[in-house]
Amino acid sequence: MKYIIYGVNRVAKDFLYMFEQLDILYFMDDTIEAKRFCGYEIKSIDDALQDCLYDQIIICDFEKEHKEGILQENGLQYRRDYIYEQDFFGELDSMSLPVDRKILVWGTGKMCHYFLGQGLEIPVAGFIDSYKRSDMFWGKPVFSPDEITDWKKYYVIIAVYDDQEIQKQLSEYGCIEEKDFVGYQKVVNLPSNMLKKTIFDKSYYHLECNTMFNHLEILDQGNTRCCCTTFVRPNLGNVLDKRSSEIWHSTLHRVLCLSTENRTFSFCDKSMCPLFVARGREESKKEDRAYKKLGTAPEVIALGYDPSCNLACSTCRKELYFAKGKELETINKITEIVKREYLPQCRFLILAGNGEVFASPAYREAYECEGCKPQYIRLLSNGMLFNQMNWERFMKGRTSRIMLTVSVDAASKETYESIRRNGNFDILKKNMEYASILRKTGELSYFRLNFVVQKENYKEMIPFVEWGQELGVDEIFFTKILNWGTYSQEEFEQISMMERDGITPKAELKEVLKHPVMNSTIVDLGTIQYAHKVDEADVVENYYMWELEKRGGLLFD
Ligand code: SF4
Ligand code: SF4
């Protein structure tokens, strides 16, 4: 098929980025301001319509009524002579919802509200609730599972926080995953739905962030992200199921990259990513700038797939945890894949987003392997094992530039050992003095201490900064505590030092923030947005590099 694109605008540009294989003859538009767009000729409507070389016209625009009206005035018909850009989106998906069965959503809680709030055009016929409390929800009937007699009449989208039990229940009813039911995240993350979200997003942020083009996080059970998992949630795929090139060149990854290229940043959590602090949203604009192509493989790899740790911090877990049995088998399989497919081309390695880098045999296996020769390594550690012996073993045969970040959260023995259970503040202090010497001699290129602000420790923020100054650290990084499911809502409100809105510090914290030491150049108030120093970065190659260079100076060549 040969096509003409009707519309010289950002929607058309985005469409072309996703469907570059289509045979496009040229663009046409109502008024012609330039001769070419995205490398194609632009013709007037009259010239284009006289041309008999095309098969169909593709309307590309945020609103289409005007363009459709003009085509209809010229006797053209929808589907025969012209179509919309979104008519192609379904081609990007590897699964689709059935059109011949009624769709029921299982769940009426928070996740269901989130799912319904995504604005997907799904004809939901009703809801299923394991503990039915009312007959109607969102204007549709609610069923309890035992009211459904013939499951084959329905297709179920599970929209609950933990769907394991419901999946098991549906399997017992004879239902098969994807054929008869699916998790809501899979539906939300279908490339067609994601593309719809970004292509028709009218936002524009004056920012160039290339992180998604060079970054891959390998997380629990082998799931992956192309930026920090706190900022960007869609899972690109699982390393256990797909080869690295399949994940990297997936349609979903392309859509995510498009969302930063078109400057909508539709999938970036703007309340979490510091690049958006004090950055205003503008209205969508058409730019001549060509969109970047994706490179062959990620150069920045962040590992966070082994929760094994020598501590049991109150914010993270109830007791000491080391992976074993089936979980350990999976972790070991991931390590083999990481060694084979990801580390050989890695330029910057980040260890470890989950668990402790010096306590996990899996991470050690990865960083000690033959192919692990990155130019730069960032170590994220709790510091308890950061001693001379482990450092020398880690550095054996290595020339990489090393940047160390240690999560501490306290300035006193009592608080440290209460928050970081199984930790020993005396050992930590000794290890941090050792790290301080390595920083002064240049063996470490950067040294930072982290502090997650909460009720138990906020009074120690000031002595913590003073301790950091004595050690000569490059940065003290404060962040607000987040609830990763460890606390109930009530518990969390007690523990958090932010008001319910999540962005305003409570009065007691505001008092601490007023202390002159908090204005020290080494202090970064991270996600405590109220007092965040605005970073005027307009071009960011990789978030983690940018974050380190903010206070560490030039670290990456
Ligand atoms: S670092 Fe870049 S890609 Fe990641 S959330 Fe922020 S703007 Fe988006
Ligand atoms: S050190 Fe990190 S991984 Fe270990 S328990 Fe504490 S927060 Fe969790």
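# A guided tour of the predicted model

Begin by selecting Glu 178, which at 35% relative accessibility counts as partly exposed, in a structure that is a predicted model throughout. Glu 178 is found in the loop between helix 5 (164-172) and strand 12 (181-183), and if you read off its backbone torsions you will find a positive phi of about 75°, although the residue is not a glycine. Most residues other than glycine have a negative phi.

Move next to Gln 221, which lies in the loop between strand 15 (215-219) and strand 16 (224-225) and which likewise has a positive phi, near 60°, in a residue other than glycine. Is Gln 221 buried or exposed? With a relative accessible area of 54%, Gln 221 is exposed.

For a third backbone feature, select Leu 351 and Ala 352 together, since the peptide bond that joins them is cis, with omega at about -5°. Ala 352 has its place in the loop between strand 20 (348-351) and helix 12 (361-367). Most peptide bonds are trans.

**Ligand 1 and the cavities**

Now select ligand 1 and display the residues around it, which are Cys 209, Thr 211, Met 212, Cys 227, Phe 231, Val 232, Phe 265, Cys 268, Cys 273, Leu 275, Phe 276 and Tyr 543. This shell divides into 11 nonpolar residues, one polar residue and no charged ones. The space that ligand 1 takes up is the largest cavity, which has a volume of about 80 Å³. Of the 13 residues that line the largest cavity, Cys 209, Cys 227, Cys 268, Cys 273 and Leu 275 lie nearest its centre, and the lining as a whole comprises 12 nonpolar residues, one polar residue and no charged residues.

How many cavities of 30 Å³ or more does a search of the whole structure find? The search finds two, and the second largest cavity holds about 40 Å³ of space. To see its lining, select Arg 10, Lys 13, Tyr 204, Glu 261, Asn 262, Lys 285, Glu 287, Arg 289 and Tyr 291, a set in which two residues are nonpolar, one is polar and six are charged.

**The second largest pocket**

From the cavities, turn to the second largest pocket, in which about 540 Å³ of space lies. To centre the view, select Asp 93, Glu 121, Ser 192, Asn 193 and Lys 196, which among the 21 lining residues lie nearest the centre of this pocket. Helix 7 (residues 191-199) gives the most to the lining, contributing three residues, and by class the lining has 11 nonpolar, five polar and five charged residues.

**Ligand 2**

Select ligand 2 next, and bring up its surroundings, which consist of Cys 309, Leu 311, Cys 313, Cys 316, Arg 317, Gly 355, Asn 382 and Arg 420. By class, this shell divides into four nonpolar, two polar and two charged residues.

**Cysteines without a partner**

A search of the whole structure finds zero disulfides. Cys 60 is in no disulfide, and the nearest cysteine sulfur, which belongs to Cys 38, is 10 Å away; Cys 60 counts as buried, at 0% relative accessibility. Cys 226 is also in no disulfide, with the nearest cysteine sulfur, that of Cys 257, 6.0 Å away, a separation that exceeds the 2.5 Å within which two cysteine sulfur atoms would be taken as a disulfide. Cys 226 is buried as well, because its relative accessibility is 0%.

**Three distances across the chain**

To finish, use the distance tool on three pairs of C-alpha atoms, starting with Pro 141 and Leu 351, which stand 210 residues apart along the chain and are separated by 49 Å. Pro 141 is found in strand 10 (residues 140-143) and, at 30% relative accessibility, counts as partly exposed.

Then take Val 156 in strand 11 (residues 154-158), whose C-alpha atom is separated by 47 Å from that of Glu 417, 261 residues apart along the chain. Val 156 is buried, with a relative accessible area of 1%.

The last stop is Ile 57, found in strand 5 (residues 56-59) and buried, with a relative accessible area of 0%. Between the C-alpha atoms of Ile 57 and Gly 107, which are 50 residues apart along the chain, the separation is 42 Å.

Conventions
Residues are numbered from 1 along each chain as its sequence is written. Chains are lettered from A and ligands numbered from 1 in the order in which they are written. This is a predicted model: local features need pLDDT of at least 70, side-chain atom pairs count only at pLDDT 80 or more; totals for chains, interfaces and linings use all residues. Side-chain values use heavy atoms; hydrogens and water are left out. A residue is near a molecule or strand if one of its heavy atoms lies within 4 Å of it. On a 1 Å grid over the protein atoms alone, a cavity is a set of points where a 1.4 Å probe fits but cannot get out, and a pocket is an open set with protein on both sides within 12 Å along at least five of seven lines; lining residues have an atom within 4 Å of a point. A molecule sits in a cavity or pocket if more than half of its atoms lie within 2 Å of its grid points. Ala, Val, Leu, Ile, Met, Phe, Trp, Tyr, Cys and Pro count as nonpolar, Asp, Glu, Lys and Arg as charged, and the others, Gly among them, as polar. Grid points are joined across faces, edges and corners, and a volume is the space filled by probe spheres set on the points. Helices (H or I, at least four residues) and strands (E, at least two) are DSSP runs, numbered from the N terminus. Buried means under 20% relative accessible area, exposed over 50%, partly exposed in between (1.4 Å probe, protein chains only).
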